[in-house]
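Dear colleague,

I am handing over the structure we spoke about, which you will find just below. After it I have set out what was found, taken place by place, so that you can follow along in the viewer.

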Amino acid sequence: MQPRVARRLFEVARPYWGLFALGLGCTLMASILDGITIIILIPLLKTLFGTAGALAQPSTQLEAISNQLLSPFLGGADPGEAGTRLVMLLLAGLLLKNLFGYAGGQLSIGVQEGLVRDLRVKLYRHLLTIDLGFFQRTRQGQLVSGIIADADQSKQAVTAALGSFFQNLVLILSSLFILSGISWRLTAITLATAPILVLGIQQLLRRLRRHAGEWAEQRGQLTSTVTERLGAIKLIRGYGAEEQEIAAFAEQSDRYRRRLIRTQRFQTLTHPVSEIFGGMVIILIIWAASNPDVIGVTLSPEVTIGFLAMALKMMAPIKALSQFPTSMALALAAAERVFAWLDRPASEVDRPDAVPARFERDLVFDRVSFQYDTEAVVTDVSFAVPKGKVVAIVGPSGAGKTTLLELVPRFHDPSAGEIRLDGVPLTNLTRRSLRDLIGLVSQDTVVLNDTVHANIAYGRPLATRDQVREAARAANAFDFVSRLPEGFDTLLGERGTRLSGGQRQRIAIARALLRDPPILILDEATSALDTESERLVQEAIDRLMRDRTVLVVAHRLATVQHADEILVLEDGRIIERGPHLALLARGGLYRRLYDLQFRTAEEVA
Ligand SMILES: Nc1ncnc2c1ncn2[C@@H]1O[C@H](COP(=O)(O)OP(=O)(O)OP(=O)(O)O)[C@@H](O)[C@H]1O
Ligand SMILES: [Mg+2]
């Protein structure tokens, strides 16, 4: 499973392979230069301590190698001059090493952030094609954490692979090469301690990983609480529930604190553990180095110091390498969650033989049924909306009116029966062309966190300022928009909180007017408005319906009176149909709805 995820991630990273290789090259160069400094360090120590010339008779293989490499630089120089040259060389090496290290680091960041962006956009693009049911079943917090956190965490696979694994491997290998050049026995003794470090660190990491999972879970809950509860601030105030909310939040914060402390306990422990371990290794090396019978050679103090420096330097990469499986596992687990979403089938895919939609004659529902899960919501519904006519749907709450409307732009497809546009089943049309014919005003008006202009122009982003103003005027929105602090450039707050219900509706109507679609799907809002606001919205709706083919869920008397045909829906079935007056005369459900809903609303108005 995991190798498959790694391969897929590697595929997504394809555009970055070149940069990746370059970064790898820089990192390797830095590691090699790091190793080389030690070759300079030992002769430098010799000249500084004055115990011997920089190129004195070598007692170890490493010294022989370094003598050979350095003799062109030092040949003929007196000890003082040799020391200066060695310092210059050491500084040059240091500079070069850090240059390569920096370049490698920058390239690595470039690769990983590019990968994260690509993964994120890919996921977002895919989410927009998944069936609506998925969004109703999935908590928003989960989607957010997928697009933001999981995509972000996947990059650690790159960091772990590039920054950590290869770099540390090279560091360890070059260190081992140099160390064994000094004394392979001493190297073996030093190396023998490594498993203790690795095992110790891994124990800590295992616990850390377990707690980190629970900690992330707590963090997610805390985030959900904040967004959810603060979003319902009016509910909290209105019911005087502040204290109860604070107590619940404090309790959750405390759980988070405890979890974090438990996680940190292991994280902070890794440092002292490795430091104590490092100290013990130093003592061991000094002891072994001062016992020629243990390691077989006598090491000069300079060489011993060089060995110690190198051996300690090697500890960090060993530690990091032992963390590699953990960070890789965490990153791949995150990537796997992203891929699981990417693997959900896209429902917004047209048939290969789909044709563009045309509308000249009629929209026909032919024995249409639909169910969300198991229970039928729409059953055996047949009707036609001829071009230019208005068909209204009325019925009690939960009758399936909204669901029925949503079948037209194919938010869902019928489970039985067929909807046809000019005789062509909707499933044979491209979604894009079908939706281009339709203007949609939904029951709960959606106002985006953007300017008034952008909100109205949403369905026609290229509309001019004048066109937008014209639409606003026709929707009776112009006056109140003009009074906003920045007019059409006023930013509407999240969920349009700065607007009243009636104003929001008029923005939505302006949006549909600007798009000027031949077919209008209108789901009238149920929320009651005051008389003046109601009149403004009603006028706007009248203008919107004019010269269009309309399928409308009606809650207003004026709307049903205009309708050429009214369908009365109950439990997903059409139980009455006809024009307003005929239905009234029948004295059935329509009559009852009229008495309850339309007439009272009219009397209020
Ligand atoms: N996404 C969904 N998943 C499952 N069931 C749903 C979903 N949306 C609506 N329903 C159910 O389908 C039925 C019809 O809902 P619908 O929204 O179409 O009613 P409505 O006639 O528009 O009601 P209202 O007048 O209150 O807007 C209801 O019982 C509702 O619980
Ligand atoms: Mg509805």
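Let me begin with L132, which lies in helix α5, a helix that covers residues 132-137. Please keep in mind throughout that this is a predicted model. L132 has a relative accessibility of 34% and therefore counts as partly exposed, since that class takes in values between 20% and 50%. Together with F135, F411 and L440, L132 forms a nonpolar patch on the surface, and the accessible area of these four residues together is about 300 Å².

Turning from the surface to the interior, how many cavities of 30 Å³ or more does the structure hold? There is one cavity that reaches this volume, and the volume of the largest cavity is about 70 Å³. The elements that each give two or more residues to its lining are helix α19 (501-515), strand β7 (519-523) and helix α20 (531-545). Should you wish to display the lining of the largest cavity, the residues to select are V441, S442, T445, Q505, I509, L522, D523, E524, A525, V537, I541 and R556. Sorted by class, this lining is made up of six nonpolar, three polar and three charged residues.

Two residues deserve a look for their backbone angles. D380, although it is not a glycine, has a positive phi of about 50°, and this residue is found in strand β2, which runs over residues 376-386. With a relative accessible area of 34%, D380 is partly exposed, because the value falls between the 20% and 50% limits. N476 is likewise not a glycine and has a positive phi, here of about 60°, but N476 is placed in the loop between α17 (465-474) and α18 (478-483). Is N476 buried or exposed? Its relative accessible area is 16%, so N476 is buried, the cut-off for that class being under 20%.

Finally, there is a pair of glutamines that you may want to display together. Q221 is found in helix α9, which covers residues 194-231, and with a relative accessible area of 32% Q221 is partly exposed. Q221 and Q252 are 31 residues apart in sequence, while in space their C-alpha atoms are 8.2 Å apart.

With best wishes

How values were computed. Residues numbered from 1 in each chain as written. Chains lettered and ligands numbered in written order. Predicted model: local features only at pLDDT ≥ 70, side-chain atom pairs only at ≥ 80, totals over all residues. Heavy atoms only, no water. Patch = residues over 30% accessible without salt bridge, like charges linked within 9 Å, V, L, I, M, F, W, Y side chains within 5 Å. Areas by Shrake-Rupley, 256 points an atom, 1.4 Å probe, with all protein chains shown as cover. Salt bridge = Lys/Arg side-chain N within 4 Å of Asp/Glu carboxyl O. Helix = DSSP H or I, 4+ residues; strand = E, 2+ residues; numbered from the N terminus. Buried < 20%, exposed > 50% of the residue type's maximum accessible area, 1.4 Å probe, protein only. 1 Å grid on protein atoms, 1.4 Å probe; cavity = no way out; pocket = protein on both sides within 12 Å on 5 of 7 lines; lining within 4 Å. Points joined across faces, edges and corners; volume = space filled by probe spheres on them. Nonpolar A, V, L, I, M, F, W, Y, C, P; charged D, E, K, R; others polar.
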